[in-house]
Amino acid sequence: MKCTSCGTELETAKIKSEFKCPSCGEAMIGRCERCKKLSREYVCPKCGFIGP
Ligand SMILES: [Zn+2]
Ligand SMILES: [Zn+2]
């Protein structure tokens, strides 16, 4: 999968943060270590929810 914030391809072993969208509960949100550290916001690809 790709980092939802920056679009970097994520290897499964490198995924630091992976969770379901809190809004629709369907799309998986993944963020790389860098984006998690910077607390970059993500946009759900399914419902457009923007979260911290
Ligand atoms: Zn990222
Ligand atoms: Zn969603």
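In this short talk I will go from the overall fold of this chain to a handful of its residues.

Let me say at the outset that what we have in front of us is a predicted model, so everything I mention is computed from that prediction. The protein chain averages a pLDDT of 88, and 94% of the residues score at least 70. If we go through the elements, strand β3, at residues 42-43, has the highest mean pLDDT, 92, while strand β1, at residues 17-20, has the lowest, which is 86.

Now to the fold. The chain contains one helix and four strands, and, reading along the sequence, we meet them in the pattern β-β-α-β-β. With a radius of gyration of 10 Å, close to the 10 Å that the globule rule gives for 52 residues, the chain is as compact as a globular protein of that length. Taken along the principal axes, its C-alpha atoms fill a box of roughly 25 × 20 × 15 Å. Buried residues make up 23% of the 52 residues, and, of the contacts with a separation of 6 or more, 39% are between residues 24 or more positions apart.

Let me turn to individual residues, starting with T4, which is found in the segment before β1. Is T4 buried or exposed? T4 is buried, because 25 other C-beta atoms lie within 10 Å, and the cut-off for calling a residue buried is 20 or more. Leaving aside residues up to four places away in sequence, T4 touches I29, G30, R31, Y42 and V43. In space, T4 is 7.7 Å from C44, C-alpha to C-alpha, although 40 residues separate the two in sequence.

That brings us to C44 itself, which lies in the loop between β3 and β4, the latter being residues 50-51. C44 has 20 other C-beta atoms within 10 Å and is therefore buried. Which residues does C44 touch, if we do not count those up to four places away in sequence? They are C21, S23, C24, A27, I29 and F49, and I29 is also among the residues that T4 touches. From C44 to K20 the C-alpha distance is 9.2 Å, with their positions 24 residues apart in sequence.

K20 has its place in strand β1, and K20 is exposed, since it has 12 other C-beta atoms within 10 Å, where exposed means 12 or fewer. Again setting aside residues up to four places away in sequence, K20 touches G25 and M28. The C-alpha atoms of K20 and G30, which are ten residues apart along the chain, are separated by 8.6 Å.

E18 is also found in strand β1, but E18 is partly exposed, because 13 other C-beta atoms lie within 10 Å. On the same terms as before, not counting residues up to four places away in sequence, E18 touches M28 and G30, so that M28 appears in the contacts of E18 as well as in those of K20. E18 can also be placed relative to C3, which is 15 residues away along the chain and whose C-alpha atom is 9.3 Å from that of E18.

Finally, I would like to point out S39, in the loop between α1, which spans 33-38, and β3. S39 has a positive phi of about 55°, although it is not a glycine. With 9 other C-beta atoms within 10 Å, S39 is exposed.

To draw these residues together, T4 is buried and C44 is buried, E18 in strand β1 is partly exposed, and both K20 and S39 are exposed.

Definitions and conventions: Residues numbered from 1 in each chain as written. Chains lettered and ligands numbered in written order. Predicted model: local features only at pLDDT ≥ 70, side-chain atom pairs only at ≥ 80, totals over all residues. pLDDT = per-residue confidence, 0-100. Helix = DSSP H or I, 4+ residues; strand = E, 2+ residues; numbered from the N terminus. Rg over C-alpha atoms; globule rule 2.2 N^0.38 Å. Contact = placed C-beta atoms within 7 Å.
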